[in-house]
Each structure stands twice: as C-alpha cells, then as structure tokens.
Amino acid sequence: MDKGSPKAILLKDYAAPAWWIETVDLSFDLRDGGTLVTSRLGVRRNLDVVRAPLVLDGQELELVSVTVGDRPLGPDDYAITPDHLTIPDLPGDQVAIEIVTRIHPEKNTALEGLYKSSGNYCTQCEAEGFRKITYFQDRPDVMAKYRVRVEGDRAAYPVLLSNGNLVDQGDAGDGRHWALWEDPWPKPCYLFALVAGNLVHIEDRFRTRSGRDVTLRIYVEPGNEDKCAHAMESLIKSMKWDEDVYGLEYDLDIFNIVAVGDFNMGAMENKSLNVFNTKYILARPDTATDTDFLGIEAVVAHEYFHNWTGNRVTCRDWFQLSLKEGLTVFRDQQFSADMNSAPVKRIQDVTRLRQVQFAEDAGPTAHPVRPDSYIEINNFYTPTVYEKGAEVLRMYHTLLGAAGYRRGIDLYFARHDGQAVTTDDFLAAMRDANPDAGVDWEQFRRWYAQAGTPGVSGEGSYDPATHTYRLTLRQFLAPTPGQPVKLPMLIPVSLGLVGPDGKDQALTLAGEDSATAGTRVLALNAAEQSFTFTEVPAPPVPSLFRGFSAPIKLSFDYSDADLTFLMANDSDPFNRWEAGQTLASRLLLGLVADRAAGRDMAVPKGFIDAMGATLSRASEDPAFASLALTLPSENYLGQLMEVIDVDGIHAARNLVRAAIGRTHRDALLAAYRANAEQGEFSVSPDAIGRRALKNAALAYLLAADDADGKALALAQYRTATGMTDVITALALIADSDMPERADALATFAAKWKDEALVMDKWFMIQATSSRPDTLANVTALLSHPGFNIRNPNKVYSLVGGFTGNAVAFHAADGSGYEFLADRVIELNKLNPQVASRMAKSFARWRKYDGERQAAAKVALERVAHTPDLSRDVYEIIARSLEG
Ligand code: B3K
Ligand code: ZN
C-alpha cells in the first residue's frame, strides 16, 4: 500500500492562484454516448504573485480542443496529465480561452461531476467535482460569473436548469431544445449546477423584507408532487427567519430545489439551484417519520442559509470548510430550536455530537475543526468540521451574547461579502466587533487548531462558616494523531448553583460587589482553576455546562443523590436530562463490570424509581420525557470504556430496560394510551413529542416482553396511518421473536416496494436488529430486488445500519468485519465517497478486545491490499492502521 501512496495536501502550502478566472461561458450538448462541454474562460493574470503558467485541473476528461484568443493550440502547445492541463505561454495578462471536452455522465457511478439519476442529468461539484466536467482551476478562491447554455432532447429532458436567471430559451431542431442561464453573482466552481430531466414542480413565492418577489420551485420526479409541501413550508420559514435573526435577505428572483434519488450526501447549496437527496425533500405523513419531517426542515434551512454563509462569503481553501459548515450548522440548529422545542433540539444535537463526533475525536481519524492536511478532501465533511464546528460558533455566541455575536456577524459580512476567506478572518471579525468582550482570542483560536475532546474534571466544597463555595475545575486534552502536545483551551462554563430548595442561588464571585441571578458564564482558561462564590447561604449542587456550553467531557464528583436532585430540580432543562444520563451511564457501566467479573447484575432500585418519577411527570412535557426516559446508547456507553465490552453493554442495557418495563408497566401503558393519536395528523412539536413518548413507552413494554405491549405493537403496526407509528411498531416486532414477525415485514415490503425512501427504512430496521440472524439476513437482503449497491441511500440503510449495530457488526468471530470489507471493496470501484464513508466504521477497531482487533486487522489489511484503491478509501484505511 506504500508504493505510489497518494500525497497529502497541506494548509501551509496554500498560495494564491497565478491566474484569476473572471468569466465562464459554458455550453453543454447533452447526448447519450458522450456530452460535449465547451468552456470559454476570461482569465486575468494575478499580478500579486510570481508569473506562472496556467494550470487547470481535470479528471476523466477527453480533450477535444483548446483555443487561446483565436489561435487553436496544437498538442505541443500544452501539457496534459491525468490530473492537469497546463498552458505554459499565455499572451498578455488578460486572455480568452476556449476548451472543448467530452464526458460520459451515463457511466458516472461516483455521483460526482455530471451524472445521471433515474435518467435525469444532475451535478455535484463540491468539493472537486467540477474538474470532472471541464478543465478549470477547481479551487474555491477562484470566483467567476457564469453563463450556461444547456441543450438536450426535449422529450427526455423537458426541464433544463442551471444557476441564476433564465435569460433565453429556444428550439434547437431535431427534437432538441436549449436554455440559457446567467448567474450575476460571482461564485467558485463548486457551486455550479446543472439539471436536465423529466421533472415536475410545485411553486410558491416569498416577498423579501425589501420587497423582492422570489419564485420558489421544488422539482421532483412525476408522482412525487404530493410530497413537497413540507419542504416548501420549511424554505419559506427559513427565508423569513434569516431576515429576522441575521438580517440576511435572498438576492435573486428565483430559488430552485431539485430532488434526486441518487445522491452521496444530504443536499448541496449550489447558487439558486440546490440539489437535494430525495430523503430531505419528500414527505407525506404516511411515508415519512417525524425525524424525517424535522430533518427536511433542518436541511432545507441549512442549504438556504448557505446562500450567505458559504456562497456570498466562501472558503479560501478547503481547510477552511468549517468557516461555512460549522457556521451554517449552528444557524440551522438555532433555526430548528426556534421552530420547535429549544431544549429538545439541544439534547438531540448533543446526543449526536457525542455519538459521532466524540467518537471521531477519540480515534485515528481525529482532526482539528480546521484540518491542516488531507489526502482526499471529501473525507473531511466530518462530524468534527460540521458539528464540532457548530459548537465553536455556539461558544462565540455564549461568550459574546446574542448582541455581540450579531455585531461580529455583521462585521464579517461588511468586510468579506464577495470574498473567499478563512476561519481566522471570521474570528477577527468577531474580535474586532467586540473590543471590550475580554476574550483571549488567541486562546480561543485553539478550538480550530487542536483535535480531541477536552476532558474537564472537578469538585466543589462548601464552607458553612464563611458561606463560601469553592469550585475547582481542571482541563485535560489527550494527544491525537500528529498532535502530541496540547495547550489549555478557553472553555466557557455556563453554570448555576442549585440550593437545597431546588432554586438557583445568586452568584457572587469573591471580589465582586453585586450578584448575578441564575446562570452565568465563567471562562476556564488554565489547566486548573478555582472559583470562589461568596454569600452562598446553604450548600449548593453545582449545575455545570448548562445547555452544554462547551464540547467537553465532564467528570465531576457528583453523588448519585446530587444527580437525582438535579434531575428533579435543575432550572436548565439540558442539565436535568444530563443528570439522568450521567446517573444511567454510571449504573450501566457498573453492571457491565459486574457481568465481566462474573457477578450478578442487580439493577438498583433508586434508578428505577427515578425513571418512575420522570414517567409520572411525563405529561408536563412529553417530548422532554421521551428523551429523559431514553438510556444512553450502546455506542456512547462504549466510548466511556477503556476496552469496549460490546456484549456486556448490550446485556446490561437490556436488563435495565426490561426492569423499567416490568416495574412501571402500568404507568407505561397509561402513558401509551394518554398519548395515542387524537385528531388530525400534525408535525407540531407537541404532536411529535406525544408520539415520541408513546413509542418510548411501547419500546419499554416490549423490552419487558409484556403481552399487552406486544398486542399494542401489532395493533399499532396494523392500524396506524402515520409512518412514525408504523415503522416504530414494525421495528419492535422485527427485533422480537413474535410469530407475526415475518408476516409484518413482508406486508410492509409488499405495500411500499415502489417507494424507495420507505424501503430504505425497511432495510434499516432489519440491519439494526439485535437478533442473532441479522448478518445472514443482511447478506440475503443484498440480493433483494429493492436493494441497489449503486444507490447511496440503500447502502447507508443496509450496510450503514449494520455497522451501527454494535452486537452484530462487532461479532467476536469477525464475520461483521469480513462483511464490511467485502462491501468497501465492491464500492471502492463504483463510488469512492460512499466506500470511504462505510470504511470509517473500522476506525475504532483498537478499542475492542484482542480477538476482535485481530479480526478487524485482517479485514482492514484485505481492503488495504485491494488494487486501485481510491484516495478516499486509502486515506481512511491507512490512518486506521497507523493510529
Ligand atoms: N456542502 C454540501 C456538502 C458537500 C459534500 C461534498 N463531499 C452540503 C452541505 O453541507 O450543505
Ligand atoms: Zn453545509
């Protein structure tokens, strides 16, 4: 694997381009068997840097001709390699170049560049797909104005779209037609998009606050028009919210979304022509779950918000990816919190962060929010760049307050609109807009530069004689690959002191004259620090990192009684939930240790009682209760162990779930009935919360093997009309030994065989089942007529579902690893991005016992020795084997 290993690209090697490309005139002649792309570039020498030839990126292109000015070039006039076209001698400083290439979208299975999905043409250029369309300087700091002519068969492709405004269209003869699009805003080529297909659309309008009327369209395949309403509503809400909260208005008269079934990720923010995975557009109550509805709202908003954070101001280079992604994720999180329940959203976001980002940060693929090296940039669209990046934005917000944060945002746009910039530029805007904030920005910058999740530990002591409370906190950051030494971070600690009466005490730090009520934010900026609070009338229980004010792992010396107290009393809902999770993790890991030592696992009554108390308060806030009743996931518990005991965690968690189900059977049945569907279907936060609570109750009843619970699950599966209820019931049945199991799975597949997104759920619930026959079943499903390895959604459901299934994937005999290696090798040839995403499941193999490590290593090495390994897969496998 060392021979000819791909080279890493380094941040420190960044250099501005020798040439700018200012205008791009593209013409696409779409034909099966070969599409001709004519590109006319207006290029200008960058006089600020040393004179150099024009080097254009290009991959898998057939070069037809190159013309400079009006002179056609011969093969001796340029140099061509598999990755570049170099034109050494350009006359003058301002030149027109025409390049004609031929490409084969119909053969493109990597779904990058121009490709076909269900017979329709579409593009995906971020990060470096434009070089598969034509020769170009495929880097985000080259921003140009585009005119795009698309020509194709009228019957097969009645809809022809690109970025910006439609300026002309006409008949091309021979059953063909054309459309001419012009985008007035300069943009990097990764935001270019083209769609040509047989599509239908729904339409709405939005009037911006300055009075611009914007036409909004969502294009889908015929038959899906009735599943677009929620996406359209979400778009309109996003446009309004961005005006209200960020002062940002849409800047064109048209905004198009196209949904395609074959898409490597969720969606793409191409200027005024967003391309989406159907998963994040199509929803009807009978086909989509509540999670789907919320996901659509969030992703539609996310892509729309990119119009400013990403498109108007973009990234100088791909190391700066979090500049647009961390910021835009934070914006979509704020938006969803405003549209739904803020505490519920925060708990869900933190759960996800811990599940995937903390795991990444603790393994061989750990990297900083602003990485400094990569082999394949597509591997860096990671939870760290996105979700931890969003936490960094949230920390600016926490440290500066909403008004200070907004001042920083305003200055960022005032300075950088129309530019390609860096995370340092962003930080400078935040700093300069808030000169009196008292933030050590050099220290704050380490959040971008240092990988790994800081640990914070501490303890508190109360002195009844002086009425003081002394809180000591320490921070620690373990080495990560390539970063052996770490420096202390600036960690915002949002905290309160909860008095014995359950109320927040006033907070006065020693030396201050006046007290702050409720919550305040302290800066932990040294390896160890103590804070002394005065005038504390009674011993408090500290509520630390309220709202999860920093992405850290806390270990504080809480007693079980303290945690139970916080569960019941903390005024911060996040920390009420957190206290329950900490208590549950402690208990579950204790049981895992008991089992490993051959002791009986006995579930403490105190915890079961605390869950009962949560259940008895559930009607006050069903959504919150459903989260508070959910035990930490197997994956998260694994992260808390030195060596992950897969089977022990599974057994302990099931034991506790069964105990809760048995002990609180009557309360669970009551909660189920009280929250059963009433009235018209709605995706209001309240309705979603009640369904979540009802289904959590049902899951506990089945965990206890309760006969009434099973009957309810069957009845719910058979009679429910909303997909949330249907699929939850089916998943519970599929995971059980109920005799109706096979029949339920079969009737579902028969009903939904033509709805790809619904079938994805069917594959997923089987892949995540903890039954012993899961791998055999998953292997058989690879040949199911509804499965297609070329469709990313199918792979994410069946293969991705399986790798997330700890007991099955990490089976001690290595069968799960063998299965994954086979899929990665198969996908490597077809779609390197999807292959690499699947390969990441191997990354933490060193966290398991010796037997599993040996099996994982064999599988990893088999992948490593595969001929023609893509850069994508190579990078992940190499790091996994090194780290
Ligand atoms: N910017 C795109 C992601 C592109 C991924 C390329 N491998 C979607 C988003 O973050 O909005
Ligand atoms: Zn994004």
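## A tour from the zinc site outward

Select Glu325 to begin: this residue is buried, with a relative accessible area of 1%. The model you are viewing is a predicted one.

**Stop 1: the zinc ion.** Keep Glu325 on screen and add the zinc ion (ligand 2). Which residues coordinate the zinc ion? They are His302 and His306, each through NE2, and Glu325 through OE. The distances run from 1.9 to 2.0 Å. Along the sequence, the donors follow the spacing H-x3-H-x18-E. Now colour the helices. His302 sits in helix α2 (residues 290-305) and Glu325 in helix α3 (residues 321-339), so this pair ties together parts that are 23 residues apart in sequence. Is His302 buried or exposed? His302 is buried, at 6% relative accessible area, which is under the 20% cut-off.

**Stop 2: two spans from UniProt.** Select residues 231-434. An unreviewed UniProt entry lists this span as "domain: Peptidase M1 membrane alanine aminopeptidase". The span is 57% helix and 10% strand. Its end C-alpha atoms lie 37 Å apart. Next, select residues 94-191. Here the unreviewed UniProt entry gives "domain: Aminopeptidase N-like N-terminal". How much of this span is helix, and how much is strand? Helix makes up 0% and strand 58%. The end C-alpha atoms of residues 94-191 are 24 Å apart.

**Stop 3: the second largest pocket.** Select Ile9, Asp57, His84, Glu128 and Arg131. Of the 36 residues lining the second largest pocket, these lie nearest its centre. The volume of this pocket is about 910 Å³. Show strands β1 (9-10) and β4 (54-57): each supplies at least two lining residues. β4 gives the most, with 3 residues. Sorted by class, the lining holds 20 nonpolar, 3 polar and 13 charged residues. Colour by domain as well. Domain 1 (9-198) and domain 2 (315-449) each contribute at least three residues to the lining of this pocket.

**Stop 4: a cis bond.** Zoom in on Glu126 and Ala127. The peptide bond from Glu126 to Ala127 is cis, with omega near 0 degrees. Where is Ala127? Look in the loop between β11 (120-124) and β12 (143-153).

**Stop 5: two positive phi angles.** Select Phe548. Its phi is positive, about 55 degrees, although Phe548 is not a glycine. Phe548 lies in the loop between β30 (541-543) and β31 (553-556). Phe548 counts as buried, at 3% relative accessibility. Now jump to Asp868. This residue is not a glycine either, and its phi is near 55 degrees. Find Asp868 in the loop between α26 (850-864) and α27 (871-882). Is Asp868 buried or exposed? Asp868 is exposed: its relative accessible area is 74%, and exposed means over 50%.

**Stop 6: the cavity.** How many cavities of 30 Å³ or more are there? The count is 1. The largest cavity holds about 60 Å³ of space. To outline it, select its lining: Glu360, Thr365, His367, Asn379, Phe380, Thr382, Lys840, Glu875, Ile876 and Arg879. Helix α27 supplies the largest share of this lining, 3 residues. By class, the lining has 2 nonpolar, 4 polar and 4 charged residues. Colour by domain one last time. Domain 2 (315-449) and domain 4 (753-883) each give at least three residues to the lining of the largest cavity.

Notes: Residues numbered from 1 in each chain as written. Chains lettered and ligands numbered in written order. Predicted model: local features only at pLDDT ≥ 70, side-chain atom pairs only at ≥ 80, totals over all residues. Heavy atoms only, no water. 1 Å grid on protein atoms, 1.4 Å probe; cavity = no way out; pocket = protein on both sides within 12 Å on 5 of 7 lines; lining within 4 Å. Points joined across faces, edges and corners; volume = space filled by probe spheres on them. Helix = DSSP H or I, 4+ residues; strand = E, 2+ residues; numbered from the N terminus. Nonpolar A, V, L, I, M, F, W, Y, C, P; charged D, E, K, R; others polar. Domains from an automatic or database assignment. Donors = N, O, S within 2.8 Å, 3.2 Å for Na, K, Ca; no water. Buried < 20%, exposed > 50% of the residue type's maximum accessible area, 1.4 Å probe, protein only. UniProt positions renumbered as here; feature names shortened; annotations may be inferred.
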